[in-house]
Amino acid sequence: MKPLGLHEIRSEFLKFYESKKHLALPSFSLVPKNDKSLLLIGAGMAPMKKFFTGEAVPPASRVCTSQKCIRTGDIENVGKTDRHATFFEMLGNFSFGDYFKSEAIPWAWEFLTEVLEIDPDRLWATIYLDDDEAFRIWNEEVGLPKERIVRLGKEDNFWELSVGPSGPCSEIYFDRGEKHGCGKPDCKPGCDCDRYIEVWNLVFTQFDKDEEGNYHPLARPNIDTGMGLERIATVLQETNNIFEIDAIHAILEDICEMAGYEYGTDPKLDMSVRVITDHIRAITFMISDSIIPSNEGRGYVERRLTRRAAKHGRNLGIQGAFLYKLADSVIDSWKVQYRELEDNREVIQRVILREEERFLKTLETGMELLESEIDKMKKEERREFSGEDAFKLYDTYGFPLDLTREILEESGMTLDEAAFDEKMEAQKNRARVARDDSDNIGWSAGSGFDLNDIEEETDFVGYETLDIDGANLLHIIVEGEDVERVESGEKAIFYLNPTPFYGESGGQVGDTGVVEGDGFTIRIEDAQKTKSGHTYVIGTVTEGVATPGSVSAHVDRERREKTRRNHSVTHLLHQALKDTLGDHVNQAGSHVGPDMMRFDFTHYEAVSAEDIQTIEEIVNRKIFESLPVRTEILSYDEAKETGAVGLFEDKYGDKVRVVSMGDYSKELCGGTHVENTAQIGMFKILSESGISAGVRRMETVTGPALYRLIKVTDATNHEAAVLLKASEGEIIKKLKHHLKNEKNLEKELDRLNAEIAKSRMRDQVGEKETIAGIDVIRGSFRDVSVEDLRNMAENLRDKEDALVILSTVNGEKLNFVCASPKDVISRGFKAGDIVRNIAKIAGGGGGGRPDMATAGGKDVKSVDKAMHAVEDILNDIGK
């Protein structure tokens with residue numbers, strides 16, 4: 001076999017298939033694109049699913065890739081065995097209606113035997129039971145003896161979904177030799193022993209399966225193959241597992257060096273090394289693909305891996321954060337194929353460091369509580385950990401359940417997961433009820449009437465006009481009842497069709513305005529949407545008696561104008577954040593009102609003042625460029641193909657609005673917007689803060705609100721200039737001068753206060769006395785710091801040439817200080833010994849140098865007893 005490293009194998013594979021006229025595509029992101037069925041990419045063909053189904057056109061009919069993949073279905077087993085892994089690379093060649101079995105099988109054989117130089121006699125193939133065509137190609141064209149072609153059933157050698165593309169497959173196996181086998185005479189691929197390992201799966205997608213389970217031949221069958229890069233590397237490098245192959249073993253060695261541990265000396269610690277070795281690759285690649293730690297979805301997977309790895313670092317005795325350093329090992333090795341790792345090196349390290357630091361605080365508290373409970377369980381001879389306690393660790397301290405489970409397993413204990421699940425479900429129900437209550441405006445409670453049951457749809461015309469005549473007031477709801485009239489001064493819910501009022505959604509607040517009918521006027525105070533998407537308004541009748549019928553509706557134009565300015569600026573801000581901080585930034589929520597805009601986004605740390613300035617400048621530049629704002633109605637798939645940014649994807653229907661601002665921003669959005677970015681006027685970021693782990697918030701203003709802010713700021717500056725007797729341009733200079741003077745005065749005041757305090761303290765010290773033939777000064781204090789006590793003891797010792805012993809009580813803390821002159825030390829009176837013996841009387845201990853030492857006591861009530869014992873202690877030393 002050809003001795004190739006991991007990265008060399010990948011390169012050889014791609015070059016080989018390029019020679020067969022394949023287009024070598026870079027790996028797709030780990031984040032699935034336009035596929036809600038997947039959390040993460042876990043197979044080579046997963047990103048190309050739509051090419052196989054015909055929903056999208058491939059860039060070429062022949063393609064090859066090395067696809068980064070993550071699978072976390074059995075994460076608890078990673079590290080326990082040397083077979084499981086979360087991150088891996090899948091080598092694959094694909095044909096979309098081009099070549100088929102006659103090319104796919106011989107090319108795979110050619111690559112394995114001629115390029116990788118694997119001994120043909122050590123290769124076997126399995127085929128689907130009825131696939132005579134594959135058997136013929138293997139036997140007659142490739143020359144593989146029929147004894148080494150194994151027919152297996154549908155369970156092993158047939159790939160299919162519930163409906164759609166499907167077909168038989170052929171797997172190539174490598175014979176590791178008899179020493180790895182079971183010894184049975186009929187041992188061959190399909191046996192449960194470790195002798196034969198699958199290295200390559202060739203899938204022949206030749207059928208279209210219908211809902212009745214019938215298989216219809218495809219006019220243009222496809223090829224989908226997958227070969228695990230790490231798996232084939234173990235074959236070529238003749239290792240027992242993936243942790244021994246060159247590139248991965250290098251990471252393992254770096255971990256051992258960090259921990260000062262020799263791999264192979266302790267099975268439990270070996271497991272920790274393997275966990276970290278595996279997880280750091282997954283973590284690094286996930287962050288590179290803009291997945292940052294969070295409490296849900298892909299971010300939770302990343303957080304779980306980081307925290308599991310950090311915990312195993314603690315098992316190895318590694319102190320503090322270390323994974324962010326280890327990421328360098330992954331980047332330096334894998335950047336040969338994945339340039340994005342190098343490009344995102346700094347972001348990767350910073351995200352890992354922040355998550356490690358956050359978790360280490362959680363881990364310390366959680367581990368103390370968990371270990372304490374485990375000790376208690378051992379004493380009580382209990383084997384099952386309470387689900388209620390596990391939930392408390394999770395809910396109160398943020399301690400992950402899987403970590404609790406793993407630590408319990410290490411101690412031979414189990415977890416009452418049913419009780420945990422019960423607590424978790426109860427919490428979800430409370431949150432659900434809270435959400436439902438917040439949605440309930442009072443029309444359904446107790447009456448059986450629910451706006452969601454209204455069949456008439458509301459036609460929203462507020463994109464085109466803010467004023468309409470001839471609208472129908474269909475329903476009036478008061479305290480849950482559908483009524484025929486409502487008097488002046490009464491508040492109610494009104495259901496109009498059509499309506500110009502924008503119902504609160506997508507972060508944008510609802511419109512306000514006026515509705516006028518025959519002899520009545522309604523002041524509209526809010527507009528909301530039902531769960532089915534119909535708009536209703538809430539208002540108070542200000543004149544006459546409101547009844548169903550024909551009405552005119554008028555939106556508060558000025559308020560809508562202010563609101564749409566703020567909504568349009570969210571799109572510019574979103575893109576500016578991505579441009580400045582990185583593509584990992586995504587909108588996490590917003591509040592768009594007439595006076596301000598609040599924008600929440602994913603990011604792992606506080607945004608620097610410099611970056612805030614840059615973001616603000618970008619947004620204002622786009623405003624000043626007067627970019628046209630265009631709106632299109634497209635199908636969801638068409639919108640995604642245009643590159644539009646989609647947020648909260650599960651909320652979109654078949655048709656979506658795409659809002660574009662020049663060539664700078666394109667987003668899916670149902671809100672109201674300006675016609676040109678120049679209408680926004682100007683933009684200012686007021687604040688930036690964190691609202692939860694991995695989520696930041698900016699509060700901003702535009703247009704008239706910003707103008708008002710500027711006026712207030714100008715007035716403040718003018719007033720400050722008058723008070724400082726300076727021009728507005730000299731305010732900062734004058735303030736610095738005053739602050740400097742103030743600081744100098746504070747220093748002088750501190751010095752004088754210290755002198756006064758020393759004088760008062762000296763007055764509280766007893767007179768010099770003679771004990772055991774030496775001069776001694778004693779004194780006891782309250783609420784004096786140990787540092788001040790040390791300084792005083794040193795001053796008295798040097799000034800009075802006496803042994804000084806002082807005590808201080810601060811709340812529940814008791815401390816002693818002893819300072820001894822040189823001539824007294826020479827006679828055996830060492831400060832460290834003296835203060836240690838004094839502290840013992842108060843239940844404490846301590847010590848230090850012969851000339852200066854401190855000690856602490858546990859019983860503050862014993863301070864007088866300890867200080868009175870000084871005479872006996874000194875007399876004993878002087879004997």
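Okay, let me start in the middle of the chain, with β16 and strand β17, residues 535–543: they pair in the antiparallel sense over 8 bridges. This is a predicted model, by the way, so keep that in mind throughout. If you want a spot to click on, K529 stands opposite T535 in β17. These two strands make a hairpin with 5 residues between them, and in that hairpin G533 takes a positive phi near 95°.

Now go back along the chain to the other partner. Strand β15, residues 513–517, is joined to β16, residues 520–529, by 5 bridges, and again the two run antiparallel. G517 has F520 of β16 as its bridge partner. What sits between β15 and β16? Just 2 residues, and the pair forms a hairpin. Here too there's a glycine to look at: G519 in the turn has a positive phi of about 85°. While you have these strands on screen, remember the usual rule: side chains in a regular strand alternate between the two faces of the sheet.

Right, on to confidence. The mean pLDDT of the protein chain is 89, and 96% of its residues reach 70 or more. The stretch to watch is residues 434–448, where pLDDT stays under 50. The model has 21 contacts beyond four places in sequence for that stretch.

Next, the sheet further down the chain. Which order do its strands come in? It's β21-β22-β23, 3 strands in an open sheet, with antiparallel pairing. β21 (629–635) and β23 (665–668) are the edge strands, and each has a single partner, so one side of each is left without a neighbour in the sheet. On average, neighbouring strands here are turned by 20° against each other, ignoring direction. Zooming in, β22, which covers residues 655–661, pairs with β23 in the antiparallel sense over 4 bridges. One position to find there is V658, which stands opposite L668 in β23. And there's a helix on this sheet: α16, residues 557–581, packs on it and touches β22 and β23. The direction of α16 makes about 75° with that of β22.

Let me finish with two helix pairs. First up, α1 (residues 6–19) and α6 (residues 229–236). They pack at an angle of about 110°, and their axes are 10 Å apart. The two helices are therefore roughly perpendicular to each other. The α1 and α6 crossing is right-handed. Who's touching whom? From α1 we have L6, I9 and R10, and they meet L229, E230, I232, A233 and L236 in α6. Sort the residues of that contact and you get 6 nonpolar, no polar and 2 charged.

The other pair is α9, residues 297–315, with α12, residues 345–380. These pack at an angle of about 60°, with axes 10 Å apart, and that makes α9 oblique to α12. The crossing of α9 and α12 is right-handed. On the α9 side the contact has R303, T306, R307, A310, K311 and R314, which meet E355, R358, F359, L363, M367 and E371 in α12. So how many charged residues does the α9 with α12 contact hold? The split is 4 nonpolar, 1 polar and 7 charged.

That's my tour, so let's open it up for discussion.

How values were computed. Residues are numbered from 1 along each chain as its sequence is written. This is a predicted model: local features need pLDDT of at least 70, side-chain atom pairs count only at pLDDT 80 or more; totals for chains, interfaces and linings use all residues. Side-chain values use heavy atoms; hydrogens and water are left out. Two strands pair if DSSP finds at least two bridges between them. Axes are lines fitted to C-alpha atoms, for helices over the stretch in contact, and angles run from 0 to 180 degrees between N-to-C directions. Contact means heavy atoms within 4.5 Å. Angles under 35 degrees count as roughly parallel, over 145 as roughly antiparallel, 65 to 115 as roughly perpendicular and the rest as oblique. A crossing is left-handed if the near helix is turned anticlockwise from the far one by less than a right angle, and right-handed if clockwise. Ala, Val, Leu, Ile, Met, Phe, Trp, Tyr, Cys and Pro count as nonpolar, Asp, Glu, Lys and Arg as charged, and the others, Gly among them, as polar. pLDDT is the predictor's confidence in each residue, from 0 to 100.
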